[in-house]
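Biologist: Before we use any of these labels, I want to hear what each one rests on. Please show the model and start with the cut-offs.

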Amino acid sequence: MVGIILAAGCGTRFSEQGCCKPLLRVNGKPLIAYSLENLAALRVREIVIVVGKYGDEIRAAVGGAFRGVPVRCVAQPKPLGIMNALFQAAETVDDDAVLQLSDEIFIGLRADAPGRFAEADFLCGYTVPENPRIICENYAIVCEGDRILHTVEKPRAPVNEKKGTGFCVFSRDCFSLLRKKYTAASGAGDLCDFMNLLIADGKKGVAVHVAEEEININDPDMLAYAEQRLERAGHE
């Protein structure tokens, strides 16, 4: 199994900080390091980072390996969203893969979460926030039991307590389908578009409670919150 980190966004809300978002310092280390640590702990054989505008900076900061795991970067030529970024990775990956977003931090990540992969074509990690309205800023997972029926990007209202995250696991068959279905005319698409494409093709997706909390660093306020939350978690 390989690890994939999506780090091709422009991070325009952080332009005043003078660097790309994946390299912002959070509790003394680059934000992307949290995703790298998660994947290394899962013992993936390789980590593929999809990069864009700040590709050179990320390559220089990460290097060719992380904790003994080989790392390589794949370019996303245009900022066409997550589905396109996954397609760029899929062009070079012929294996099952664990996905991470470079701007996510997980508190209490469950290392055994990918264990249910044997019963599905893909897994979608979720958390249960104290305030369900947060789901409306992310994506919702509509399920029958744990089986995913479909996903909804930024729903108008929460459909249940599940907040979708960027921690997902996909079989090589999922990427094979993406290579067949995605074309240059497909344009931009988000993570929900990809999962709904898989479901429409008959692929089985399972929702897995993946962590105590997921923090998406999408603005300076969330960056400050992440600092405080990580510090608190270190004392718990």
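Modeller: Buried means under 20% relative accessible area, exposed over 50%, and partly exposed in between, with a 1.4 Å probe and protein chains only. This is a predicted model, where local features need pLDDT of at least 70, side-chain atom pairs count only at pLDDT 80 or more, and totals for chains, interfaces and linings use all residues. Residues are numbered from 1 along each chain as its sequence is written, and side-chain values use heavy atoms, with hydrogens and water left out.

Biologist: Why is C174 called buried?

Modeller: C174 has 0% relative accessibility, and the limit is under 20%, so C174 counts as buried.

Biologist: How do you know that C124 is in no disulfide?

Modeller: A disulfide is a pair of cysteine sulfur atoms within 2.5 Å. For C124 the nearest cysteine sulfur, that of C168, is 4.3 Å away, so the pair fails the definition. C174 is in no disulfide either, with the sulfur of C168 10 Å away. The structure holds 0 disulfides. C124 is also buried, at a relative accessible area of 0%.

Biologist: What puts G55, I58 and V62 on the same side of α2?

Modeller: Helix α2, residues 55–62, is a DSSP run (H or I, at least four residues; strands are E, at least two), numbered from the N terminus. G55, I58 and V62 are buried. They cover an arc of only 65° around the axis, taken from the directions from the helix axis to the C-beta atoms, so they lie on the same side of α2. On the other side, D56 and A60 are exposed.
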